[in-house]
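These are my notebook entries on a few places that I looked up, taken one after another.

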Amino acid sequence: MYDYDLLVVGSANADLVIGVERRPAAGETVLGGDLATHPGGKGANQAVAAARLGARTALLARVGDDAHGGLLLDSQRAAGVDTAGVLAGGAPTGVALITVDPSGDNSIVVSPGANGRLVPEDVRAAGGLLRAARVVSAQLEIPLETVVEVVRNLTPGSRFVLNPSPPRPLPDEVLAACDPLIVNEHEAKVLLGEAAAGGEPADWARLLLARGPRSVVVTLGAAGALVADRDGVASVPSVRVDAVDTTGAGDAFTAALAVRLGAGASLAEAAAYAARVGAAAVTRRGAQESYPTAAEVDAL
């Protein structure tokens, strides 16, 4: 019996967001709207998204002992996330600088701060959380060696979900644990390198699967997603909505997929549900505050 449907091991950032008419070119200055501060970070986002869907969720992360850290903790607790695994101190809270254009597309620069101090020792100390979780998810806004330690401490029967963002080469033992590895088009191309040249998303999914993951999901934005496992590659359609802000939509997708997989859904079924959650998220501004409840997803 698991105490948590999902344990998220990852980053927690304060998102500093500015709306712009267009993103600046190199050496260019553009004027933007008023600065807004929101709770964010891929790990914290996934935890809130899962909790909003009704999943029993815990977060293992590190924040600074500062105002931004307090903002992040308050947001997690308000969503119903168990924050016993959130550590404080060691560096300022991570910050993401985000510009959003009128189409809803964004550009992001992240200062990791305390996220870079979430170390393998913290994972080993949180063994009780890992043993209590049906599904464990991670991203790469924390040190890669910490993600490796998560994989080494997974309990038999649990499932590991990884979104390798920002992308970098992955050790074989991490790839072998992924079920699934979730990438967008950019991340797939970075992981595959020259092997991605001239290929289509379905080709990327097969190539990534051949590198060791048990399953792969390639998200395609408005075009939906592809899922790949030993049974082959399948397409998952998107849900048509008017996008306002895509910030954090990928995190909502990942969290929803992880939760549905833990509930026993097939990969294709979980991805279809996750696509609906991601679609609902882009119709509102911000990351965590845009995430829907299960009832709102059902109504979409």
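Is the crossing of α7 and α8 left-handed or right-handed? I looked this up in the model, which is predicted, and found that α7 and α8 cross in the left-handed sense.

I then turned to the geometry of this pair. The axes of α7, residues 185–192, and α8, residues 201–210, come within 10 Å and cross at roughly 50°. An angle from 35 to 65 degrees counts as oblique, and the two helices are therefore oblique to each other.

Next I listed the residues that meet. From α7 I noted Glu185, Ala188, Lys189, Leu191 and Leu192, which are in contact with Trp204, Leu207 and Leu208 of α8. Sorted by class, this contact has six nonpolar residues and two charged ones, with no polar residue.

I went on to ask which residues of α8 are buried. I found Pro201, Trp204, Ala205 and Leu208 to be so. They lie on the same side of α8, because the arc they cover around the axis is only 100°. For what covers these buried residues, I wrote down α7 together with the strands β10 (178–184), β11 (216–219) and β12 (225–229), as included among the covering elements. Just after α8, I noted that glycine 212 takes a positive phi of about 130°.

My last entry concerns glutamine 46, which I located in helix α1, residues 42–52. Its relative accessible area is 0%, so I entered glutamine 46 as buried. Setting aside neighbours within four places in sequence, I found glutamine 46 in contact with Val8, Ser137, Gln139, Asp251, Thr254 and Ala255.

Notes:
Residues are numbered from 1 along each chain as its sequence is written. This is a predicted model: local features need pLDDT of at least 70, side-chain atom pairs count only at pLDDT 80 or more; totals for chains, interfaces and linings use all residues. Side-chain values use heavy atoms; hydrogens and water are left out. Axes are lines fitted to C-alpha atoms, for helices over the stretch in contact, and angles run from 0 to 180 degrees between N-to-C directions. Helices (H or I, at least four residues) and strands (E, at least two) are DSSP runs, numbered from the N terminus. Angles under 35 degrees count as roughly parallel, over 145 as roughly antiparallel, 65 to 115 as roughly perpendicular and the rest as oblique. A crossing is left-handed if the near helix is turned anticlockwise from the far one by less than a right angle, and right-handed if clockwise. Contact means heavy atoms within 4.5 Å. Ala, Val, Leu, Ile, Met, Phe, Trp, Tyr, Cys and Pro count as nonpolar, Asp, Glu, Lys and Arg as charged, and the others, Gly among them, as polar. Buried means under 20% relative accessible area, exposed over 50%, partly exposed in between (1.4 Å probe, protein chains only). The arc is that of the directions from the helix axis to the C-beta atoms.
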